[in-house]
Amino acid sequence: MELSGGQILVQSLIDEGVEYIFGYPGGAVLHLYDALFQQEALKHILVRHEQGATHAADGYARATGKPGVVLVTSGPGATNAVTGIATAYMDSIPLVVISGQVSLPVIGSDAFQEVDMIGITRPCVKHNFLVKDVTKLAETIKKAFYVATTGRPGPVVIDVPKDITAPHIKVPYKYPKKVAMRSYNPVVSGHKGQIKKAVELLLAAQKPIIYAGGGVVLGEASKELTEFTRLLGYPITNTLMGLGAYPATDKQFIGMLGMHGTYEANMAMHESDVIIAIGARFDDRVTGKLDLFCPYAKIIHIDIDPASIAKTVKVDIPIVGDVKPVLEQMIALVKDSPKKANKKALEAWWQQIAVWQAVDCLQFDRTGPLIKPQYVIEQLYEVTKGEAYVTSDVGQHQMWAAQYYPFDKPRRWINSGGLGTMGFGLPAAIGVKLAFPDADVACVTGEASIQMCIQELSTALQYKTPIKIINLNNRYMGMVRQWQEFTYESRYSHSYMDTIPEFVKLAEAYGHVGMRIDKPEEVRPALEAAFAMKDRTVFLDIMTDRTENVYPMIEAGKGHHDMKLRVATGTSTDRELA
Amino acid sequence: MRHIISILMENESGALSRVAGLFSARGYNIESLTVAPTEDPSLSRMTLVTRGSEEIIEQITKQLNKLIDVVKLIDLAESFHIERELMMVKIKTSPEIRDEIRSMADIFRGKIIDVTPTTYIVEMTGPSEKLDAFIAAVDPETIVEVVRSGPTGISRGEKSLHV
């Protein structure tokens, strides 16, 4: 079969099993778009800004585990995609991003819409390819999917010069079934001796804790993690990226850890004598000040990426490997071990944890006349019966969603953890809804974040992706304001916009339903009404308490044991404004 | 501590910039870097000299290994190895000092490879410290130009870096 480069690209994606491609046309990809036009197998989702394309593909990938695919033109199309690529890179999400490029003979001449995409994306991709020969195009695409989805996943960019896709140059096409690269061998099985040592250390622990992250979700190892944790009876905490990897409503789950984690999770980390980190990378938002991090603990670390091990925190037993088989081996070893976990010590440990839990660090005022954002998330949880896919933007609302919506299943909590990209939530929700049209999809956002990719409301209408936007509107960039309150003596420098749009009208202008909610008693009925409208995107503009802060909090430079808790009498700002 | 990292990588355009970019992005320092294709033209061999604590060097080697274009690497400083650097020095020569430069070049096993009425070019190979010593021994007033390749190295004995 002889095909042009444009046809090869489209056919390769079909042969790879790609369902959706998120993109935006332009000069350098016109041949490609012409090839797309002449087929129906591959569905193209036209976004309104290339950043939206990358986030939508990213949301699709996080929810399904399949790679997200993006198509953008050269120059500004390519640079607009960079934020989304970096977002996926930081959270190890498999994306294949195809960017158009100016024709090979003019590369380097500052041609119209030329930008060095390979150079620009180098630090934020797992790998990138510039296609210089149309006969290598299919193989390059196969390689891109292989690299993006294996090992520690990540985004891969394929930069395709316009002349490579020219319709009059046809070459034989065959999509390779398999591809091998001598310089890339992603399959690693954990070292048996290390796994044995780790199990011995775990069983000898007096105050153990399991600290599991996004690697468990990416490695499809939730089932194994759950079995392992229950078998041992140890407390477990999840990172922001790991939420849902272990059922959050289970009694062994002691909440998220880190900067806005629970008091009990952070105290347990601090006091523990053995930590097993599974698919987590000791991010600075998790560890707090490194010198103060877990002073009494021996650390076991399982990660597929050797570079994640001992990057910031020294570990005692490193295990490089895919978490799923490593956990399977550990489960077998624990079951076969004549030595059992120290029951008495474990009982005392759980008693200590119960004391920390009694602090009730997530309590908030339920009696006031203002809508508390935490209450909205609790109601969202109840209305959706904990079954929704929840995407979020970045800031206070993100932390509240993480704290007050317990996720029992992996891939339900979709947020930009590593890069912290405002504008992520709405396009990501569109990607999730395309993947799971029958599921409830909520985007928890704020009035600042939502405006960063608001144009995708138009995409949501065009492709009939009825999502519910939960806009926690506090008329502030809440997280910025909170830091300014805590560390800059309440000098609220540019964290406030005095021209916030009327979101109800805006939603209506985009063809959706808008609702404004001002009182606590209106929250539940509004959420119920919104989720009952199965075929409409609903924008719930919820006026929340302006001065609410995210608690508890580890402030910059502090350790896990030194958390700032909510003061029962309210925050300083509450008092100032009262 | 000083480390010499020897890397076998795909001879692809952009491979060098991936390595250089990694070092600048993560704040590692590069003292020197040399690269050329091997007997297999699809592979390049790069020798990179860097300094850092054991933890930093461990991260550097792990991060380099993560690059898709990197096939294999070793830290030569970890075992017995031979290290050589090429240097060419252009020296201003007056009749009074020509003998002295010649004998100095002999002592350091260098060669004079270009002669004009007013200049010599001395070619020399050896470990970097030897080249440093030669420079230190020559009157700095007379040195016109120094060109150094940066060190490259190879393991002794049976140990080797190959695909």
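The questions below concern the interface of chain A and chain B and the nonpolar cores in this predicted model.

Trainee: How many residues of chain A are in contact with chain B?

Mentor: Contact here requires heavy atoms within 4.5 Å. On the other side, 18 residues of chain B take part. The count for chain A is 19.

Trainee: Which three residues supply 40% of the area that chain A buries against chain B?

Mentor: The area buried between the two chains is about 1500 Å², and carbon and sulfur atoms give 47% of that. On the side of chain A, no other three residues supply more than R122(A), R182(A) and S183(A).

Trainee: Which residue of chain A forms a salt bridge with K66(B)?

Mentor: Across the interface of chain A and chain B the rule finds 4 salt bridges, and 10 residue pairs are in polar contact. By class, the side of chain A that touches chain B has 8 charged, 8 nonpolar and 3 polar residues. For K66(B), the closest N and O atoms of the salt bridge are 2.7 Å apart, and the partner is D305(A).

Trainee: Which residues outside its sequence neighbourhood is M330(A) in contact with?

Mentor: M330(A) belongs to the largest nonpolar core, of 99 residues, and is among the six that touch the most other members, along with L225(A), F228(A), I278(A), I470(A) and L540(A). With neighbours within four places in sequence left aside, its contacts are I195(A), A198(A), V199(A), F228(A), I276(A), I302(A) and I319(A).

Trainee: How many residues does the other core have?

Mentor: This core lies apart from the largest one. Its members include A61(A), V70(A), A78(A) and L426(A), and its size is 48 residues.

Notes: Residues are numbered from 1 along each chain as its sequence is written. Chains are lettered from A and ligands numbered from 1 in the order in which they are written. This is a predicted model: local features need pLDDT of at least 70, side-chain atom pairs count only at pLDDT 80 or more; totals for chains, interfaces and linings use all residues. Side-chain values use heavy atoms; hydrogens and water are left out. Buried area is the accessible area (1.4 Å probe) that two parts lose on being put together, summed over both. A salt bridge is a side-chain nitrogen of Lys or Arg within 4 Å of a carboxyl oxygen of Asp or Glu. A polar contact is a pair of N or O atoms within 3.5 Å; within protein, one must be able to donate a hydrogen and the other to accept it, and residues adjacent in sequence count only if both atoms are side-chain atoms. Ala, Val, Leu, Ile, Met, Phe, Trp, Tyr, Cys and Pro count as nonpolar, Asp, Glu, Lys and Arg as charged, and the others, Gly among them, as polar. A nonpolar core is a set of buried Ala, Val, Leu, Ile, Met, Phe, Trp, Tyr and Cys residues joined through side-chain atoms within 4.5 Å. Buried means under 20% relative accessible area, exposed over 50%, partly exposed in between (1.4 Å probe, protein chains only).
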